[in-house]
Structures are given as structure tokens and as C-alpha cells.
Amino acid sequence: MSRLLVEGKKEISGEITAQGAKNSILPILAATILCDGESCLKNCPNLTDVDFSLDILHYLGCKAHRENTTITVNAENFDKSTVSDSLMKRMRSSVIFLGALLGKAHHAEISCPGGCELGARPIDIHISSLKKLGAVFERNDDIIICSAPDGLKGCNIDLRYQSVGATENIILASVLASGTTIISNAAREPEITDLVAFLNKCGAKIFGAGTETILIEGVKKLTGAEHKIIPDRIAIATYMACTAVTGGCLTVYDVIPEHIRSVIPFFRETGCVVKCTENELRIFAPEKLTSPELITTKPYPSFPTDAQPPLMSVAAVGGGITVFVENVFTNRYNHVPSLRKLGANIIVNDRLAIVTGVKKLHGTSVNAMDLRGGAALVVAALAAEGTTEINGFEHILRGYDRSLFTKTDENTYKPNF
Ligand code: EPU
């Protein structure tokens with residue numbers, strides 16, 4: 001287990017360029033196995049989840065190579081449609097290889113994916129949708145064996161919930177299928193639009209990404225393409241949270257303001273001044289933060305569940321009461337016991353968290369239980385007096401770029417901000 005040592009009460013000011021989006025690069029890396037030529041992906045964040053995806057691509061026989069923020073993948077020598085249990089268990093988003101493998105090889109053998117513990121994370125919507133396309137599933141203990149003996153055929157799929165991963169898996173499985181697939185109640189997240197933008201550059205015919213109806217006309221073949229990954233809207237919200245709690249002033253470059261439209265009001269309600277131009281954002285924190293009243297997480301374009309934990313740390317030092325309602329995951333308040341240990345006043349009741357802002361937090365030793373919960377602890381540690389030791393730092397490195405941190409000894413890191 002590694003740890004991050006954070007000195008509190010240090011103003012976060014200056015400028016930063018947003019990292020590329022984790023939740024965009026992961027499905028796009030899976031998509032590269034569908035392509036006959038080489039793909040060149042720019043603006044790739046340097047994270048462990050990306051490393052894990054590259055390991056899966058290598059395991060499948062692909063050539064994948066990173067140089068700084070550019071990753072090239074060539075799936076010419078792709079020769080396996082099974083992913084080992086140890087690789088699958090390293091991250092939740094490995095489930096995205098299911099649709100890609102099925103689309104490419106009409107066969108996939110994977111074990112149940114790992115990832116953050118955010119409550120029950122079934123994949124029933126993925127499986128029922130892929131079945132509609134012609135996939136047949138068998139379960140052997142933890143191993144899912146999936147094949148499409150008669151090929152995959154386009155069909156109409158009406159999702160009971162706008163699952164991000166299921167929408168991506170259907171797109172990946174149907175892009176080379178015969179006929180047309182229509183997804184109704186599709187997820188509308190920008191990361192899905194980015195996946196579709198990449199696939200369309202490769203020769204796919206996909207329409208309606210970003211709306212709740214996505215139409216995929218199957219094509220015979222995909223080439224590779226060059227593509228720049230969109231900026232990470234959750235990382236941007238986290239930088240803003242760090243600035244807000246330290247009374248700082250930050251300029252963030254390479255922002256798509258539309259993607260963070262639902263989190264900007266939160267910061268304005270705390271008294272921060274937020275200014276956006278076409279691709280740049282500035283945030284100026286007030287001396288004293290006020291408390292937004294109500295934050296309700298929902299699928300895009302509403303307030304994102306991934307921003308709930310880091311923004312809860314802002315509310316923890318606000319001047320009043322903020323109520324959070326978590327609607328996406330059943331167990332996304334794992335950061336609360338550690339925030340309380342730092343001095344926060346938070347009551348949790350099922351999906352509700354009531355945060356009463358306190359004047360002071362104090363540094364102590366805490367445990368990151370998941371990625372965004374870990375980010376919440378970094379924000380709170382910056383607001384606290386003294387030093388905070390965040391154990392379980394490896395969770396944070398799953399989603400925040402390595403360039404933000406420096407290793408000081410074998411297991412210890414410090415922030416570079
Ligand atoms: N769900 C089901 N059945 C399914 C699929 C999902 O019941 O078959 C439920 C889940 O249990 C959950 C809800 O639907 O309660 C949302 O799940 P969704 O499938 O939309 O999420 P995901 O694809 O597993 C992605 C992101 C998450 C982000 C969610 C919601 C990636 C790699 N992960 O997960 O990101 O929180 O969408 O926006 O894209 C993170 O970055 O920290 C992270 C957890």
C-alpha cells in the first residue's frame with residue numbers, strides 16, 4: 001500500500017492543462033482491437049488504469065506503445081479472445097473488452113471485472129443487450145464465456161437504465177455487426193461521444209452520440225485513426241475543488257466548458273468566481289466559502305457522481321449545510337469516515353449525506369477506499385491544518401495523472417501542487 005503526504009493550508013494557484021479523460025481513453029483503447037490499421041491516440045493521461053488496459057492489449061497480441069501523452073496501438077497480430085483473471089480483476093472498466101472482443105472475434109472469455117467498490121455493480125444490462133445482438137453466454141464460476149456462433153446482427157435495444165459501460169459495449173459489439181442497431185435510452189456522457197468520434201474516424205457509421213438514441217450502421221471493416229482524447233471533466237472539477245478550499249486562483253487550459261456545465265453552479269454557490277472562455281476556465285476562490293444547498297447526482301448532463309466525493313470536501317468547510325443525494329451508485333460515501341476523522345461534520349442516511357460546514361479540518365492519517373473518495377481526501381487535506389497521510393494512494397493513481405505527484409521514497413508520494 002502506498003501513501004500520499006499532503007501539507008494543508010497551501011494555496012492552490014497558477015495554471016494547469018487538463019489531463020485527458022480516463023473514462024474516454026479506456027473504451028477507446030478497447031476499440032483499437034476492432035481496427036485493422038494503427039491508431040494514434042493523443043492527450044492520453046498517465047494512469048494505472050491506462051497501464052492495465054495496455055497490459056490487456058499486449059496480452060491479446062496487440063502492439064501498444066506509449067511515448068509521453070501519445071499511445072499507438074496496432075492490433076494486426078491480435079490472436080486471443082480471452083483475458084486472464086488477474087488482468088480482468090485489476091479494474092472495473094476491463095468489462096469494456098467484452099463488447100470489443102465479441103465484435104472482433106465473435107468470442108470473449110473474461111472473468112467478472114474488478115474496480116472501485118461503489119456498491120453493487122452488476123453487468124446485467126451489458127449481457128442482456130449483447131444477447132439481443134446474437135451473443136450466447138455461459139458462466140463457469142467466475143468466468144463469463146460469450147460467443148456469437150451465427151455472427152452479430154443489428155437490432156433495437158432499449159436500455160432500462162442509461163448505463164455508460166453498457167452503451168459503450170453495445171457500440172463496440174455492433175459497429176462491425178451486420179445491419180443496423182438502435183440504442184434507446186443510451187447514456188449521453190461526453191466520453192461516449194468521444195468513443196464514437198474515434199470510431200467514426202476509423203470508418204464506422206454511428207449517429208446520435210450525445211443524445212439518447214444512438215444508431216449504428218454496421219460496417220465491414222475499420223481502419224485505425226489519429227484521435228485526441230477529450231479533457232477529463234472530473235479531474236477539472238477536482239482541480240477546482242482544490243482551489244476553492246485553499247482560497248486560490250487557478251487557470252485551467254484545454255477545458256470543454258459544456259462538459260462541466262453542471263458543476264460550475266456548485267462553485268458559484270460557494271462564492272467562487274468562475275469564468276470560462278471557449279477552452280479555458282478561471283476560478284477565483286473567496287476568503288470564506290458558503291454552502292450550496294442541494295447536490296443531486298444523476299447521469300449526464302446532470303451533476304456527475306464522480307464529482308460528488310471531491311466536492312463534498314468543499315462543502316465540508318462551507319459556511320452552512322449542503323445535502324447530497326447520490327442516485328447513481330448505492331455505496332458512494334466510503335470517503336465519509338475519513339472526512340469525519342479530519343474533522344468534517346457529515347451524517348449519512350442511505351443515499352443522503354448531510355454536510356454541515358466546519359471552520360477547521362485537521363491533518364491526520366486516513367485511508368482512501370476508492371478513486372474519487374481518495375480525491376476527496378486530497379481536497380480535504382489541502383483545507384486542513386497540518387499534514388495528512390492518505391493511505392491507499394494507489395486508488396488515486398488509477399485516475400489522476402502521475403505528473404501531479406512526486407515519489408519521495410518507495411511507498412510515499414507528495415503532491416506537486
Ligand atoms: N448498472 C446496472 N447494471 C448494469 C450496468 C450498470 O445495474 O449492467 C448500474 C450500476 O450498478 C450503477 C449504475 O448502473 O449503479 C451506473 O453504472 P454505469 O454502467 O453507468 O457506470 P460504469 O460504466 O460502470 C462509468 C465510469 C464511472 C462513472 C459511471 C457513471 C468508466 C470506466 N467508468 O462506470 O467512473 O462513475 O460511468 O457516470 O467509464 C470513476 O471514474 O471514478 C468512475 C467510477
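**Close-ups of a predicted model**

**View 1. Helix α10 and its buried residues.** Gln-308, Pro-309, Pro-310, Leu-311, Met-312, Ser-313, Val-314 and Ala-315 are the buried residues to look for in α10. Keep in mind that this is a predicted model. The helix runs over residues 308-315, and with 8 of the 8 residues buried, α10 is largely enclosed by the rest of the structure.

**View 2. The loop that comes before α10, with a cis peptide bond.** Pro-301 sits in the loop between β17 (294-296) and α10. Look at the bond from Tyr-300 to Pro-301: this peptide bond is cis, and its omega is near 15°. For context, most peptide bonds are trans.

**View 3. The ligand and its shell.** Here we have 24 residues surrounding the ligand, and the closest are Asp-124, Ile-125, Ser-163, Asp-306 and Val-328. What is the make-up of the shell by class? It's a mix of 10 nonpolar, 6 polar and 8 charged residues. Four helices, α1 (22-31), α5 (124-132), α6 (164-174) and α12 (371-383), each chip in at least two residues of that shell. The largest share comes from α5, with 3 residues. As for the space the ligand takes up, that is the largest pocket.

**View 4. Polar atoms around the ligand's oxygens.** Zoom in on Ser-163 and you'll find an N or O atom of its side chain 2.6 Å from a ligand oxygen. Gly-165 comes in through its backbone instead, with an N or O atom 2.8 Å from an oxygen atom of the ligand. Asn-23 uses a polar side-chain atom, which lies 3.1 Å from an oxygen of the ligand. How much of the ligand's accessible area does the protein cover? On its own the ligand has 830 Å² of accessible area, and the protein covers 90% of that.

**View 5. Helix α4 and the residue just after it.** Helix α4 (residues 96-105) is mostly covered, with 8 of its 10 residues buried. Those buried residues are Ile-96, Phe-97, Leu-98, Gly-99, Ala-100, Leu-101, Leu-102 and Gly-103. Follow the chain just past α4 and you reach His-106, which has a positive phi of about 55°.

**View 6. Two asparagines with positive phi.** Most residues other than glycine have a negative phi. Asn-43 isn't a glycine, yet its phi is positive, about 65°. You'll find Asn-43 in the loop between β3 (38-42) and α2 (48-59). Asn-185 also has a positive phi, about 60°, and sits in the loop between β10 (180-184) and α7 (190-201). Are these two asparagines buried or exposed? Asn-43 has 15% relative accessibility, so it counts as buried, being under 20%. Asn-185 has 24%, so it counts as partly exposed.

**View 7. Asn-74 in strand β5.** Asn-74 belongs to β5 (residues 70-74). It is buried, at 16% relative accessible area. Its side chain reaches the backbone nitrogen of Glu-76 at 2.9 Å.

**View 8. Two more buried spots.** Ala-244, in helix α8 (residues 233-245), has a relative accessibility of 2% and so counts as buried. From Ala-244 to Gly-271 is 27 residues in sequence and 9.0 Å in space, C-alpha to C-alpha. Gly-399 lies in the loop between α13 (393-397) and β23 (405-409) and is buried too, at 0% relative accessibility. Gly-399 and Glu-11 are 388 residues apart along the sequence, with their C-alpha atoms 23 Å apart.

How values were computed: Residues are numbered from 1 along each chain as its sequence is written. This is a predicted model: local features need pLDDT of at least 70, side-chain atom pairs count only at pLDDT 80 or more; totals for chains, interfaces and linings use all residues. Side-chain values use heavy atoms; hydrogens and water are left out. A residue is near a molecule or strand if one of its heavy atoms lies within 4 Å of it. A polar contact is a pair of N or O atoms within 3.5 Å; within protein, one must be able to donate a hydrogen and the other to accept it, and residues adjacent in sequence count only if both atoms are side-chain atoms. Accessible areas come from the Shrake-Rupley method with a 1.4 Å probe; for residues, only the protein chains shown count as cover. On a 1 Å grid over the protein atoms alone, a cavity is a set of points where a 1.4 Å probe fits but cannot get out, and a pocket is an open set with protein on both sides within 12 Å along at least five of seven lines; lining residues have an atom within 4 Å of a point. A molecule sits in a cavity or pocket if more than half of its atoms lie within 2 Å of its grid points. Ala, Val, Leu, Ile, Met, Phe, Trp, Tyr, Cys and Pro count as nonpolar, Asp, Glu, Lys and Arg as charged, and the others, Gly among them, as polar. Buried means under 20% relative accessible area, exposed over 50%, partly exposed in between (1.4 Å probe, protein chains only).
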